[in-house]
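I opened this structure to look up three things: the ligand, the cavities and a pocket. My notes follow in that order.

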Amino acid sequence: YTQAKALVYSKHGEPSDVLKLHTHSISPSIPSSSVLVRTLAASVNPADINTVQGTYGSEQPMSSLIGTSEPSAVPGNEGVFEVVSTGGSSSSLKKGDWVIPAAQQIGTWRTHAVFGANDVLKVEKDSLTPTQVATVSVNPCTAYRILREYGPSAGLKTGLPMRPLELGGGEWFAQNGANSGVGRAAIQFGKLWGLRSINVIRDRDSMEETEALRQELIGLGADVVVPESQFLSREWKDQLAEMTRGGREQVGLGLNCVGGKSATALARSLGEGASLVSYGGMSKQPVALPLGLLIFKDIRFVGFWLSKWNQKDPVGRKHMVDDILNLMRLGHFKDVPVDEIEWKWDTEEAALKEAVQGTLKGFRKGKGVFLF
Ligand code: NDP
């Protein structure tokens, strides 16, 4: 028998209130269509917190499959696992393979799991770290998909590895939450694909810290990094015009991670017929859309949800993941800063819960990743 631990919740609420560390054992005889895996790394994303809170767009099914006293769910939508054993010889997976979730909301915050072989996707592990593989499937894929679907590259057949666009001069996109996992990925893909980016960050406590973050994003390939204070000021309009040659180069796409005033200002920075794609609402503020932008500039306001895309196009998703992992291998895609949360056998429940709870707090030094 394999001894396993999982974070579980049986009712919605704040993670620190509702999460419990559950210990169980896994029988060696697993169904033929299943695999027993051990977790190498699992990330903690804002959506996971919202799922536990019960405020996310989809709910996890609850069950007593791992022997919890009440029907429960294991949070976590992202991670990388090593195959320990397979239920049947027919499986294309073998011991030692690395897999990531193929199904949504599979529950990654656990030391071991039995998954359906079809619910995981094998990845080539050569030259990659568990953290790189554990963080590939949500943030980088979101940025990749949005830029491909709505950026100047739209219309190219999806599901194929992306080649540089080599656009003369590079077309512009703008985004807020630019230092988020998604934002950092968008900067890097933008650079690789010949786009230019305007990146809005929140002001730090001191100008030095803001400048340090600005430099960090420039290091990733950002063309322009703007603190929110400047972005929301009266002067921004003229400054933007200057950057875009008096508006002759238009900003064709906006990526909204934040909502509220920041989203409105983002919409105002866009050119005729551009799209504002909202994928996150970190400020928890609704988006107010000036009617003039709809009527006179015909700006398109759309939303994006990766889960939907993954369901619609699993083959495209696989190509995308392989493509991004390859960019990581080649050193063309830098790791997101992480806040490592060590999960050893004797790590206490309180320590795990505390690490999870901070996820929605702003000004974090990195994405939470459980390392086993
Ligand atoms: P990260 O945890 O990597 O980054 C969080 C970002 O939000 C940082 O830029 C942070 O800026 C900013 N932020 C935090 N609090 C606030 C606040 N109160 N007001 C404004 N900005 C704030 O996040 P991810 O990249 O993982 O996710 C970002 C968003 O994208 C989330 O809302 C997530 O749910 C969503 N998302 C949506 C997907 C989809 O399919 N629609 C897929 C992936 C992510 P600072 O450093 O200044 O605090």
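Before the ligand, I fixed one term: a polar contact is a pair of N or O atoms within 3.5 Å. I also noted that I am reading a predicted model.

**Entry 1: the ligand's contacts**

I began with Gly181. One of its backbone N or O atoms lies 2.8 Å from an oxygen atom of the ligand. That pair is within 3.5 Å, so I logged it as a polar contact. I then turned to Leu306, where a backbone N or O atom sits 2.6 Å from a ligand oxygen. For Phe363 I read 2.5 Å, again from a backbone N or O atom to an oxygen of the ligand.

How much of the ligand's accessible area does the protein cover? I found 87% of the 920 Å² that the ligand has on its own.

**Entry 2: the shell around the ligand**

Next I asked which elements give two or more residues to the shell. They are helix 2 (46-53), helix 4 (139-150) and helix 5 (181-192). I counted 26 residues around the ligand, and Asn179, Arg204, Leu306, Phe363 and Lys367 come nearest. Leu306 and Phe363 were already in my notes for their backbone atoms. By class, the shell holds 12 nonpolar, 11 polar and three charged residues.

**Entry 3: the cavities**

I then looked for empty space. Rolling a probe the size of a water molecule over the atoms shows where such space is left. My search of the whole structure gave two cavities of 30 Å³ or more. The largest cavity has a volume of about 100 Å³. It is lined by 14 residues, and Pro140, Phe333, Lys334, Asp335 and Val336 are the closest to its centre.

Which helix gives the most to this lining? Helix 5 does, with four residues. Helix 4 and helix 5 each supply at least two. Both helices also give two or more residues to the ligand shell. I sorted the cavity lining into five nonpolar, five polar and four charged residues.

**Entry 4: the second largest pocket**

Last, I checked the second largest pocket, which holds about 650 Å³ of space. I listed 29 lining residues, with Ser63, Leu65, Ile66, Arg110 and Val114 closest to the centre. Here I wrote down strands: strand 2 (20-26) and strand 6 (112-116) each supply at least two lining residues. Strand 6 has the largest share, four residues. By class, I noted 15 nonpolar, 12 polar and two charged residues in this lining.

Note on methods
Residues are numbered from 1 along each chain as its sequence is written. This is a predicted model: local features need pLDDT of at least 70, side-chain atom pairs count only at pLDDT 80 or more; totals for chains, interfaces and linings use all residues. Side-chain values use heavy atoms; hydrogens and water are left out. A residue is near a molecule or strand if one of its heavy atoms lies within 4 Å of it. A polar contact is a pair of N or O atoms within 3.5 Å; within protein, one must be able to donate a hydrogen and the other to accept it, and residues adjacent in sequence count only if both atoms are side-chain atoms. Accessible areas come from the Shrake-Rupley method with a 1.4 Å probe; for residues, only the protein chains shown count as cover. Ala, Val, Leu, Ile, Met, Phe, Trp, Tyr, Cys and Pro count as nonpolar, Asp, Glu, Lys and Arg as charged, and the others, Gly among them, as polar. On a 1 Å grid over the protein atoms alone, a cavity is a set of points where a 1.4 Å probe fits but cannot get out, and a pocket is an open set with protein on both sides within 12 Å along at least five of seven lines; lining residues have an atom within 4 Å of a point. Grid points are joined across faces, edges and corners, and a volume is the space filled by probe spheres set on the points.
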